[in-house]
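Here's a quick briefing to read with the structure open beside you. Take a look around first, then come back for the bullet points.

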Amino acid sequence: MKKLALYLVLSLASLTAWAQQGGKYQLSSHILDITQGVPASGVTVQLEKQDVTTLEWKIIDEKTTDENGRIKDFLPVTSGNNNGNYRLRFMVDEYFKQEQTESFYPYIEVVFRIQDDKHYHVPITLSPYGHSTYRGS
(Lines give C-alpha, C1' and ligand atoms only; values in the text may rest on other atoms or scores of the structure.)
Protein backbone atom coordinates (compact mmCIF):
# COMPACT_ATOMS: atom_id res chain seq x y z
CA MET A 1 0.00 0.00 0.00
CA LYS A 2 2.86 2.39 0.82
CA LYS A 3 4.48 1.67 -2.56
CA LEU A 4 1.20 2.44 -4.34
CA ALA A 5 0.82 5.71 -2.41
CA LEU A 6 4.41 6.69 -3.23
CA TYR A 7 3.85 5.81 -6.90
CA LEU A 8 0.71 7.96 -6.99
CA VAL A 9 2.51 10.89 -5.37
CA LEU A 10 5.41 10.63 -7.82
CA SER A 11 3.03 10.26 -10.77
CA LEU A 12 1.07 13.30 -9.65
CA ALA A 13 4.31 15.27 -9.23
CA SER A 14 5.39 14.32 -12.76
CA LEU A 15 1.99 15.24 -14.18
CA THR A 16 2.03 18.57 -12.33
CA ALA A 17 5.53 19.39 -13.59
CA TRP A 18 4.49 18.46 -17.11
CA ALA A 19 1.33 20.63 -16.92
CA GLN A 20 3.39 23.57 -15.63
CA GLN A 21 5.59 23.27 -18.72
CA GLY A 22 2.51 23.97 -20.84
CA GLY A 23 1.35 20.39 -21.37
CA LYS A 24 2.97 20.16 -24.79
CA TYR A 25 2.66 17.20 -27.11
CA GLN A 26 4.98 16.13 -29.89
CA LEU A 27 2.46 14.41 -32.14
CA SER A 28 -0.93 15.32 -33.56
CA SER A 29 -3.15 14.00 -36.33
CA HIS A 30 -6.16 14.99 -38.40
CA ILE A 31 -8.58 13.14 -40.66
CA LEU A 32 -10.43 14.87 -43.48
CA ASP A 33 -13.16 12.96 -45.31
CA ILE A 34 -12.62 14.30 -48.82
CA THR A 35 -15.77 12.68 -50.22
CA GLN A 36 -17.87 14.97 -48.06
CA GLY A 37 -15.36 17.76 -47.47
CA VAL A 38 -15.70 17.45 -43.68
CA PRO A 39 -13.54 16.33 -40.77
CA ALA A 40 -13.95 12.68 -39.77
CA SER A 41 -14.99 12.85 -36.12
CA GLY A 42 -15.30 9.90 -33.77
CA VAL A 43 -12.56 7.79 -35.40
CA THR A 44 -10.45 5.70 -33.03
CA VAL A 45 -6.71 6.07 -33.64
CA GLN A 46 -4.12 3.80 -32.05
CA LEU A 47 -0.53 4.91 -31.59
CA GLU A 48 2.11 2.17 -31.54
CA LYS A 49 5.86 2.28 -31.05
CA GLN A 50 8.29 -0.28 -32.45
CA ASP A 51 10.67 -1.93 -30.00
CA VAL A 52 14.23 -1.34 -31.26
CA THR A 53 15.38 -4.81 -30.19
CA THR A 54 12.50 -7.13 -31.09
CA LEU A 55 10.97 -4.92 -33.82
CA GLU A 56 7.55 -5.73 -32.32
CA TRP A 57 4.86 -3.07 -32.15
CA LYS A 58 3.34 -2.05 -28.83
CA ILE A 59 0.22 0.10 -28.43
CA ILE A 60 1.16 3.10 -26.32
CA ASP A 61 -1.99 5.21 -26.68
CA GLU A 62 -5.46 5.24 -28.19
CA LYS A 63 -7.63 8.28 -28.77
CA THR A 64 -10.69 9.36 -30.74
CA THR A 65 -10.83 12.25 -33.20
CA ASP A 66 -12.76 15.28 -31.95
CA GLU A 67 -15.55 17.13 -33.81
CA ASN A 68 -12.87 18.71 -36.02
CA GLY A 69 -11.34 15.32 -36.88
CA ARG A 70 -8.27 16.10 -34.77
CA ILE A 71 -6.18 14.50 -32.08
CA LYS A 72 -3.85 17.08 -30.60
CA ASP A 73 -2.35 15.21 -27.67
CA PHE A 74 -0.25 12.20 -28.62
CA LEU A 75 3.24 11.82 -27.10
CA PRO A 76 3.66 14.23 -24.18
CA VAL A 77 6.91 16.18 -24.26
CA THR A 78 8.89 15.02 -21.23
CA SER A 79 12.50 15.15 -20.06
CA GLY A 80 13.36 12.14 -22.26
CA ASN A 81 12.99 11.91 -26.00
CA ASN A 82 10.36 10.21 -28.11
CA ASN A 83 12.72 9.11 -30.91
CA GLY A 84 11.80 5.90 -32.70
CA ASN A 85 9.52 4.28 -35.25
CA TYR A 86 5.79 4.79 -34.77
CA ARG A 87 2.60 3.57 -36.37
CA LEU A 88 -0.77 5.29 -36.35
CA ARG A 89 -3.68 2.93 -37.00
CA PHE A 90 -6.81 4.77 -38.08
CA MET A 91 -9.83 2.52 -37.38
CA VAL A 92 -12.03 3.85 -40.21
CA ASP A 93 -14.40 0.88 -40.67
CA GLU A 94 -16.84 2.02 -37.99
CA TYR A 95 -16.73 5.60 -39.31
CA PHE A 96 -17.79 4.47 -42.78
CA LYS A 97 -20.50 2.21 -41.33
CA GLN A 98 -21.93 5.19 -39.43
CA GLU A 99 -21.87 7.18 -42.67
CA GLN A 100 -23.65 4.25 -44.38
CA THR A 101 -20.81 4.08 -46.87
CA GLU A 102 -19.12 0.95 -48.15
CA SER A 103 -15.33 1.10 -47.82
CA PHE A 104 -12.34 -0.86 -49.00
CA TYR A 105 -10.35 -0.15 -45.80
CA PRO A 106 -11.15 -1.59 -42.35
CA TYR A 107 -8.22 0.47 -41.04
CA ILE A 108 -5.32 2.53 -42.37
CA GLU A 109 -1.77 2.36 -41.01
CA VAL A 110 0.82 5.09 -41.33
CA VAL A 111 4.38 4.29 -40.25
CA PHE A 112 6.83 7.12 -39.59
CA ARG A 113 10.02 7.96 -37.69
CA ILE A 114 10.63 10.60 -35.04
CA GLN A 115 14.30 11.64 -34.91
CA ASP A 116 14.27 14.91 -32.99
CA ASP A 117 12.27 17.01 -30.56
CA LYS A 118 10.21 18.87 -33.20
CA HIS A 119 6.43 18.63 -33.46
CA TYR A 120 5.07 16.03 -35.89
CA HIS A 121 1.62 16.31 -37.48
CA VAL A 122 0.46 13.23 -39.41
CA PRO A 123 -2.85 13.91 -41.17
CA ILE A 124 -4.74 11.77 -43.64
CA THR A 125 -7.23 12.60 -46.32
CA LEU A 126 -9.77 9.83 -46.55
CA SER A 127 -12.28 8.42 -49.00
CA PRO A 128 -13.92 4.99 -49.11
CA TYR A 129 -11.44 3.74 -51.73
CA GLY A 130 -8.34 5.83 -51.16
CA HIS A 131 -6.29 7.81 -48.71
CA SER A 132 -3.25 10.05 -48.61
CA THR A 133 -0.90 11.21 -45.88
CA TYR A 134 1.99 13.60 -45.44
CA ARG A 135 4.03 15.21 -42.69
CA GLY A 136 2.17 18.35 -41.79
CA SER A 137 3.11 21.15 -39.45
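**A sheet and its enclosed strand**

Six of the eight residues in β6 are buried, so the rest of the structure largely encloses this strand. Keep in mind that this is a predicted model. The bullets below start with the sheet that β6 belongs to and then go through its pairings.

**The sheet as a whole**
- Four strands make up an open sheet, and reading across it you get β4-β3-β6-β7.
- The pairing in this sheet is antiparallel.
- The edges are taken by β4 (57–64) and β7 (108–114); each has a single partner strand, so one side of each has no neighbour in the sheet.
- Going from one strand to the next, the twist averages 25°.
- As background, strands of a sheet pair through backbone hydrogen bonds, and they can do that parallel or antiparallel.

**β6 and β7**
- Strand β6 covers residues 84–91 and runs antiparallel to β7, with seven bridges joining the two.
- If you want spots to look at, Arg-87 sits opposite Val-111 in β7.
- Asn-85 has a bridge partner in β7 too, namely Arg-113.

**β6 and β3**
- Strand β3 (residues 44–50) pairs with β6 over six bridges, again in the antiparallel sense.
- Here, Val-45 is the residue to find: it stands opposite Phe-90 in β6.

Note on methods:
Residues numbered from 1 in each chain as written. Predicted model: local features only at pLDDT ≥ 70, side-chain atom pairs only at ≥ 80, totals over all residues. Heavy atoms only, no water. Pairing = 2+ DSSP bridges. Axes fitted to C-alpha atoms, helices over the stretch in contact; angles between N-to-C directions. Buried < 20%, exposed > 50% of the residue type's maximum accessible area, 1.4 Å probe, protein only.
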